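Colleague: I have a few questions about how the labels in this model are earned. Can we take them one by one?

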Amino acid sequence: MPTPLNLQANEVQRWTTQTVSMSPDILDRMERAVANVRERLLRATRALNQAGIPYAVAGGNAVASWVATVDEGAVRNTRDVDLLVRRGDLPAVIAALEGVGFVHGTLLDVVMFRDGEQGKPSEAVHLLFVGEKTRPDHLLPAPDIQTVDDPANFRVVTLESLVLMKLMSNRRKDQVHVQDLINVGLVDASWLPKFPAELAARLKEVLDTPDG
């Protein structure tokens with residue numbers, strides 16, 4: 001019968017084996033994943049800039065841009081690119097993004113642009129539309145396009161609009177994004193009066209539970 005010491009040694013050996021069995025290029029793959037999202041973001045926004053189409057970067061990339069204004073080490077990576085546009089500009093958006101290699105399609109009522117025919121929907125450019133609810137259960141429609149300029153030459157949704165959209169979505173990852181903004185001092189309790197009561201309550205819950 002194995003002794004406690006032998007059991008402990010076996011556990012250490014199993015943990016070590018699992019750790020060193022990772023592919024030797026795992027760090028390169030991690031770096032490529034981040035770089036690929038950034039490349040899609042810049043390619044898409046460059047095309048919209050050149051076409052003169054109003055837009056705002058929203059979602060996780062917008063959170064990253066705002067967080068980086070205070071602490072670049074606190075930036076959290078994201079898989080996709082969310083763009084806020086006007087429904088009437090959709091034909092022009094399609095032309096601009098297809099012109100730089102994206103493939104237009106719709107999945108579960110989400111208008112998206114995969115990066116080529118083999119691109120994954122989870123890594124696509126996803127559109128949100130001004131004045132429309134992103135999901136039926138959202139309290140309010142998406143706000144109008146109000147932006148600030150990111151130094152990388154794309155337009156980011158204003159901080160108040162970003163927080164509003166995150167509070168409306170209110171998934172776990174949205175709550176984490178709001179917490180990221182709180183942690184770097186961009187959002188605090190003084191923001192509560194900015195939002196309708198239901199959204200203010202969601203913000204207060206995040207403020208009151210910093211550890212989740």
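Modeller: Start with a cut-off: a residue is called buried when its relative accessible area is under 20%. Keep in mind that this is a predicted model.

Colleague: Why is N61 called buried?

Modeller: N61 has 11% relative accessibility. The limit is under 20%. Therefore N61 counts as buried.

Colleague: Where is N61 found, and what does N61 touch?

Modeller: N61 is found in helix α3, residues 59–68. Leaving aside residues up to four places away in sequence, N61 touches V37, L41, T78, D80 and V81.

Colleague: What makes the link from the side chain of N61 to D80 a polar contact?

Modeller: The side chain of N61 reaches the backbone oxygen of D80 at 2.9 Å. A polar contact needs a pair of N or O atoms within 3.5 Å. The value of 2.9 Å meets that limit.

Colleague: How do you know that β3 and β4 pair?

Modeller: Pairing takes at least two bridges. Strand β3 (residues 102–107) and strand β4 (residues 110–115) are joined by 6 bridges and run antiparallel. T106 stands opposite V111 in β4. The hairpin has 2 residues between the strands, and L108 takes a positive phi near 55°.

Colleague: What describes the packing of α6 and α7?

Modeller: Helix α6 (residues 172–183) and helix α7 (residues 197–208) pack at about 65°, with axes 10 Å apart. Their crossing is right-handed. Q175, V178, Q179 and I182 in α6 meet L203, V206 and L207 in α7. These contact residues comprise 5 nonpolar, 2 polar and no charged.

Notes
Residues numbered from 1 in each chain as written. Predicted model: local features only at pLDDT ≥ 70, side-chain atom pairs only at ≥ 80, totals over all residues. Heavy atoms only, no water. Axes fitted to C-alpha atoms, helices over the stretch in contact; angles between N-to-C directions. Helix = DSSP H or I, 4+ residues; strand = E, 2+ residues; numbered from the N terminus. Left-handed = near helix turned anticlockwise from the far one by under 90°. Contact = heavy atoms within 4.5 Å. Nonpolar A, V, L, I, M, F, W, Y, C, P; charged D, E, K, R; others polar. Buried < 20%, exposed > 50% of the residue type's maximum accessible area, 1.4 Å probe, protein only. Polar contact = N/O pair within 3.5 Å; in protein donor to acceptor, adjacent residues only side chain to side chain.
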